[in-house]
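Thanks, everyone. I will keep this short: a few strands to start with, then the nonpolar cores. Please have the sequence and the structure open while I talk.

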Amino acid sequence: MASSTGPGDLVIADRGFWSVEFVDAFTASGAHLLVRLQSNHLGTTQSELPDGSRLSLMRPGKDVRLRAARERRVLPKETTYRVITFTKNNKVVHLGTSLLDTEHYPADELIALYRQRWEIELTVDEIKNHLGPGGPMRSRTPEAVRQELWALLAVHQAVRRFAHAAAADGQVVDADRLSYLRCVRIARRSVPSQHDTSRRKLTSAWKEAAREVRSRLLPTRSGRNWPRAIKKPMRWPILRTRSGRTKVEPGRWVNSPTKKVKKHRGAGRPVPRTQPPSPPERRSEPGVVNPAP
């Protein structure tokens, strides 16, 4: 992904990615990073900054240097980055960023920007379920799949630009309050009727569509919060959270166990050998002695 970024881009990522190699790959292209840090990736504090953040320093480990040498890559001996710390639901969160200027990039703005990272999940849902087929793609060749993907991305971008322009038309409202599904339905309904029409009619149709999509606004979107959890298989009908390993909550398998009958429960196990049945014992008649075998 680093090769597709450039100057002016800001890459926002969840924790688990921060390293010297990760920072070097993206900053070499001119992009900047805003990534959540693990508690053991805070580096060595160099100085405190006016907005409460601090400058930290990290160096690549021995294994990283040897791997880079084998691959003939040159890594910096040390990397300076900025650590921003804030509290969320009584939990301390650390962010690492390559934006070191506190005047142009205040910590509060970067924190608010990071909290919008999960919006990408809604974008994937919009493309997959509201705009696309909602399942596997119809194409069966790599080139056709690539073409279908580009078509979905192009139409999604057009619908989003329409929503943004409609939100700025007249009294400005937040574009998140415009229903994406409603925009898609308006476009599907209006596109066939606008075939081979004049520019004046297209402008009038666009204004009418903007008024229609603004007629019913969604409520203000609240902050999204979902605890990280480790889902156990069915034989462990509990849900353990990383934030509280001592707390155990019943999982969904306790209240709604499966009713599927598994016929081959012992599949893969060795079948025990059965002993051949012994011959029936011969019964002797009175006064007759059985001959020896």
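Start at Leu55, whose bridge partner in strand E5 is Arg82. Keep in mind that this is a predicted model. That pair belongs to the contact of two strands: E4, residues 54-58, and E5, residues 79-88, run antiparallel and are joined by 5 bridges.

E5 has another neighbour. Strand E6, residues 91-97, pairs with E5 in the antiparallel sense, this time over 7 bridges. Lys88 has Lys91 in E6 as its bridge partner. What do E5 and E6 form? They make a hairpin, with 2 residues between the strands. One turn residue to look at is Asn89, which has a positive phi of about 55 degrees.

Now the cores. The largest nonpolar core has 18 residues. Which residues have the most contacts inside it? Those are Cys183 and Val213. Four helices each give two or more residues to this core: H4 (119-131), H5 (142-168), H6 (180-190) and H7 (199-214). H5 supplies the largest share, 6 residues.

Take Val213 as the example. Leaving out residues up to four places away in sequence, Val213 touches Phe162, Ala166, Leu178, Ser179, Arg182, Cys183 and Ile186. So much for that list.

There is also a second core, separate from the one just described, with 15 residues. Among them are Val23, Phe26, Leu33 and Val83.

To go over the strands once more: E5 pairs antiparallel with E4, and E5 also pairs antiparallel with E6. That is all from me.

Notes:
Residues are numbered from 1 along each chain as its sequence is written. This is a predicted model: local features need pLDDT of at least 70, side-chain atom pairs count only at pLDDT 80 or more; totals for chains, interfaces and linings use all residues. Side-chain values use heavy atoms; hydrogens and water are left out. Two strands pair if DSSP finds at least two bridges between them. A nonpolar core is a set of buried Ala, Val, Leu, Ile, Met, Phe, Trp, Tyr and Cys residues joined through side-chain atoms within 4.5 Å. Buried means under 20% relative accessible area, exposed over 50%, partly exposed in between (1.4 Å probe, protein chains only). Contact means heavy atoms within 4.5 Å.
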